[in-house]
Amino acid sequence: MKRIETFQEYQTVYAESINHPNQFWAEIANSFVWKKKWDTVLSGTFEDANSRWFDGAELNITENMLDRHLAENGDQIALLWEPNDPTVASKSFTYKALHEEVCIVAEMLRTLGVKKGDRICIYMSMVPELVLSVLACARIGAIHSVIFAGFSAKSIADRINDAEADFVITMDGGLRGNKTIPLKSVVDEALLHTRKIKKSLVFNYLHLPIDKNERDTDWNALKNEVVASNHYFKPGETILSEDALFILYTSGSTGKPKGVVHSTAGYMVWTAYTFLNVFQYKKGEIYFCTADCGWITGHSYLIYGPLLNGATTLMFEGIPTFPNAGRFWDIIDKHKVSIFYTAPTAIRSLMSAGDEWLAGKDLTSLRVLGSVGEPINEEAWNWYNEKIGKEKCPIVDTFWQTETGGIMISSLAGVTPSKPVYATLPLPGVLPVILDDKGNEITENDLTGNLCFKQPWPSMIRTTYADHERCILNYFSTYKNYYFTGDGAFRDENGLFRLTGRVDDVLNVSGHRIGTAEVENAINHTPGVIESAVVGYPHDIKGQGIYAFVICDPNHHLQDQEQLYAITKMVSQQIGAIAKPDKIILVNGLPKTRSGKIMRRILRKIAEGEFDAIGDTTTLLDPSVVQEIIAKAKK
Ligand code: WT7
């Protein structure tokens with residue numbers, strides 16, 4: 001695969017990709033290893049979410065990530081693991097070693113009876129065994145569904161049931177800063193409320209006491225057996241291009257997270273191509289993506305994209321502030337990281353910790369900086385550029401989504417123009433448009449509208465698991481013939497895109513997507529709660545905070561403080577700690593129209609503290625509730 005190296009080349013390549021997509025993608029796909037080549041590059045219909053890429057081809061993605069690199073790159077480090085505790089030694093796996101480990105775990109899964117097409121839920125913290133599990137699934141064609149280790153038992157149960165998963169991989173517990181997080185016991189609780197799981201594979205990491213169930217198999221014991229058999233070096237299973245590679249759940253504007261399904265070949269081509277071009281990765285460089293593998297960034301740009309390119313990917317077990325706010329900078333210094341990819345919320349939190357944490361840290365190995373997950377604000381962008389990049393490292397602000405599989409709008413580091421707080425230009429193959437509310441394309445500059453994509457791209461969402469209608473409804477129905485992102489954007493006079501935030505009822509809290517309806521559902525489970533409304537408000541570190549307005553039953557006699565505690569606890573149980581409201585106020589009424597619709601616009605203004613900008617309330621059933629809410633919010 002050839003890297004784009006000049007702006008002029010980008011322009012030529014981009015034009016080609018739009019005018020002759022089949023030819024363009026065929027050429028890129030030719031640099032991978034296929035068991036059988038495709039019949040058609042792009043087929044199917046875009047508007048009903050039935051685009052197919054490289055149809056008729058057969059491959060195994062892990063052979064492209066591992067086996068393919070063995071001859072030339074076998075002794076290079078593929079995965080570098082930095083532990084939570086800086087006094088513990090880091091670990092590394094060469095391509096050869098990673099290949100062997102993945103073959104072993106793949107054989108372990110076969111021994112358990114896992115078959116191609118089975119869904120496997122993975123609930124693990126950031127240890128190498130998580131990566132091995134993901135790749136072992138891909139090796140044998142099992143569909144992985146990784147669940148972020150911060151999600152609750154209820155969330156796990158919902159995801160296992162929705163995905164009809166038969167297998168679980170988990171571990172006794174994980175480390176995050178100074179906390180030990182129980183994982184196995186959370187899974188055990190989840191499994192009380194799911195369909196029957198056939199087997200669960202448990203990695204004993206911390207030697208915590210665990211309840212052993214009949215379904216449990218000990219990772220280390222099974223591994224010893226497989227290794228002793230000395231019969232595990234096997235080729236990857238033959239997978240069809242459009243076979244599902246994984247499911248990843250993400251929040252939307254309804255109460256129920258959707259299982260976004262990605263296919264194999266298109267996802268492979270896209271993550272590999274975008275990784276190489278956006279970060280301008282050069283052989284031998286150390287690349288550090290701080291995302292957790294429980295999110296799409298961890299899938300596409302910690303695991304798949306880098307390994308497809310034969311890169312060295314650094315995986316960090318811990319958190320940015322443990323043992324102190326200099327941890328990332330220590331890691332960059334220690335491992336001589338060249339490319340660093342993180343989220344604005346982390347940048348803001350480290351910026352607010354103070355520049356003293358940068359003292360004495362050698363960051364000169366850095367060449368490229370990346371940002372992902374939410375719009376980056378100017379202050380954070382400048383700090384990142386000056387203090388981390390020393391004004392020498394291009395910053396790529398990469399816009400994409402779980403559903404897009406990989407980066408869609410971003411500059412190519414040092415190659416295409418960059419502009420603070422702008423994601424800038426579409427990647428080759430991406431045709432973004434901005435639509436007004438009526439669905440007309442906005443061609444004027446600087447006018448904000450709804451960001452859509454007009455053409456299929458290889459790693460686009462294939463379906464929402466077991467509910468294709470929902471996929472069409474969510475992404476392809478708002479505007480006929482367009483994929484709708486749910487984001488607002490505008491374009492400057494040079495055609496550079498700037499993202500302005502979600503335009504639907506989805507919040508972005510510390511770079512995590514959370515649906516307001518999902519939080520409301522959780523709150524409404526609390527005894528004594530009658531109704532609730534949740535909105536986002538600007539938060540200095542998190543980007544957006546969660547603000548909940550809750551009506552309680554006056555006959556449910558709880559002290560306010562106890563009620564608030566019960567609500568917070570319920571949200572943690574139903575979703576996970578990441579969805580806990582930052583502010584909750586107990587109110588007697590919500591601003592509703594005569595038809596009963598909650599006027600969120602008003603609640604958003606109150607949450608933002610813009611009490612004088614509430615606007616017209618005359619259409620409300622009872623305008624006086626607004627004054628009551630404002631009085632409570634001011635307290
Ligand atoms: C939503 C997708 C993409 C991986 C991490 C999040 C927001 C993401 C940017 C960016 C402005 C961004 C959007 C998008 N977003 N990157 N560079 N600039 N906004 O994946 O959980 O699927 O969330 O994150 O609102 O729709 P996700």
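Colleague: What makes up the shell around the ligand, by residue type?

Modeller: In this predicted model, the shell residues divide into six nonpolar, six polar and five charged. There are 17 residues around the ligand, and Asp 397, Thr 402, Asp 487, Arg 502 and Arg 513 are the closest.

Colleague: Which elements give two or more residues to that shell?

Modeller: They are α10 (296-308), β20 (395-398) and β25 (497-502).

Colleague: What makes the pair formed by Thr 402 and the ligand a polar contact?

Modeller: Let's set the value against the cut-off. A polar contact is a pair of N or O atoms within 3.5 Å. A polar side-chain atom of Thr 402 lies 2.5 Å from an oxygen atom of the ligand, so the pair fits the definition. You can try the same step on two backbone cases: a backbone N or O atom of Thr 398 is 2.8 Å from a ligand nitrogen, and a polar backbone atom of Gly 373 is 3.1 Å from a nitrogen atom of the ligand.

Colleague: How much of the ligand does the protein bury?

Modeller: Taken alone, the ligand exposes 550 Å², and the protein buries 95% of that.

Colleague: Now to a single residue. Why is Thr 342 called buried?

Modeller: Thr 342 has a relative accessible area of 3%. Buried means under 20%, so Thr 342 earns the word. You will find Thr 342 in strand β18 (residues 339-342).

Colleague: Which residues does Thr 342 touch, leaving out those up to four places away in sequence?

Modeller: Thr 342 touches Thr 290, Phe 328, Ile 347, Gly 370, Ser 371, Val 372 and Tyr 384. With Thr 290 there is also a polar contact between the two side chains, at 2.8 Å.

Colleague: How do you know that β28 and β29 pair?

Modeller: Two strands pair if there are at least two bridges between them. Strands β28 (residues 529-539) and β29 (residues 543-552) have ten bridges, in the antiparallel sense, so they count as paired. Tyr 537 stands opposite Gly 545 in β29, and a hairpin of three residues joins β28 to β29.

Colleague: And in which sense do β6 and β7 pair?

Modeller: β6 (residues 119-123) and β7 (residues 143-146) pair in the parallel sense, over four bridges. Arg 119 has Ile 143 in β7 as its bridge partner. Both strands belong to an open sheet of eight, ordered β12-β11-β8-β6-β7-β14-β15-β23, with mixed pairing.

Colleague: What makes β12 and β23 the edge strands of that sheet?

Modeller: β12 (216-218) and β23 (463-464) each pair on one side only.

Note on methods. Residues are numbered from 1 along each chain as its sequence is written. This is a predicted model: local features need pLDDT of at least 70, side-chain atom pairs count only at pLDDT 80 or more; totals for chains, interfaces and linings use all residues. Side-chain values use heavy atoms; hydrogens and water are left out. A residue is near a molecule or strand if one of its heavy atoms lies within 4 Å of it. A polar contact is a pair of N or O atoms within 3.5 Å; within protein, one must be able to donate a hydrogen and the other to accept it, and residues adjacent in sequence count only if both atoms are side-chain atoms. Accessible areas come from the Shrake-Rupley method with a 1.4 Å probe; for residues, only the protein chains shown count as cover. Ala, Val, Leu, Ile, Met, Phe, Trp, Tyr, Cys and Pro count as nonpolar, Asp, Glu, Lys and Arg as charged, and the others, Gly among them, as polar. Buried means under 20% relative accessible area, exposed over 50%, partly exposed in between (1.4 Å probe, protein chains only). Contact means heavy atoms within 4.5 Å.
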